[in-house]
Each structure stands twice: as C-alpha cells, then as structure tokens.
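Welcome to a short tour of a protein model. Keep your viewer open and get ready to select a few side chains as we go.

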Amino acid sequence: MKTGIKISGAIFAAEGNVDHDEFIDKFIEFVEANGWEFGGGSKKIDEEGNDIKV
C-alpha cells in the first residue's frame, strides 16, 4: 500500500500578497525536485478563508 501526506492549510505572505501562479509553480518545482507527485487543487482565498474569484 502506498502512503502519502494530505495537506490542508493556507499560505500568506508576511507583507503584501502571495501570487497564486508563482506559488503553485514553486510548489510543483519543490515536489518534483524531490521525486514526488502532487494530486489536488488550489484556490485563491482572502484572510478570512473566503474564495476570491479570478
């Protein structure tokens, strides 16, 4: 049986905003550099956890 890690949370910058596309690109680079795979989704949210429509 293959096991993995489920991630649930949010990323915010200490100052300014996190660019969604830039974050995903860097996250996927990190995952692939370690020989891992990622399956799932992402969405842009505000500091209260509400979806931001893009």
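Start with the aromatic rings: a search of this whole predicted structure finds three aromatic pairs. Select F27 and F38 and show their side chains. Their ring centres are 5.0 Å apart and the planes meet at 90°, an edge-to-face pair. Now colour helix α1, residues 20-33: F27 sits in this helix, while F38 lies in the segment after α1. The two residues are 11 apart, and their pair links distant parts of the chain.

Is F38 buried, exposed or something in between? With a relative accessibility of 40%, F38 counts as partly exposed, because that class lies between the 20% limit for buried and the 50% limit for exposed.

Next, select F30 and W36. Their ring centres lie 5.7 Å apart with the planes at 80°, so this pair is edge-to-face too, as an angle over 60 degrees counts that way. F30 is partly exposed at 48% relative accessibility, and W36 is partly exposed at 49%.

Go back to F27 and F38 and add F23 to the selection. Ring pairs link F23, F27 and F38 into a cluster.

Keep that cluster on screen for the last stop, the largest pocket. How much space lies in the largest pocket? The answer is about 1,200 Å³. The pocket is lined by 33 residues, and those closest to its centre are I7, F23, F27, F38 and G41. Try colouring the lining by class: 17 residues are nonpolar, 11 are polar and five are charged.

Note on methods:
Residues numbered from 1 in each chain as written. Predicted model: local features only at pLDDT ≥ 70, side-chain atom pairs only at ≥ 80, totals over all residues. Heavy atoms only, no water. 1 Å grid on protein atoms, 1.4 Å probe; cavity = no way out; pocket = protein on both sides within 12 Å on 5 of 7 lines; lining within 4 Å. Points joined across faces, edges and corners; volume = space filled by probe spheres on them. Nonpolar A, V, L, I, M, F, W, Y, C, P; charged D, E, K, R; others polar. Phe/Tyr/Trp six-rings, centres within 6.5 Å; stacked < 30°, edge-to-face > 60°. Helix = DSSP H or I, 4+ residues; strand = E, 2+ residues; numbered from the N terminus. Buried < 20%, exposed > 50% of the residue type's maximum accessible area, 1.4 Å probe, protein only.
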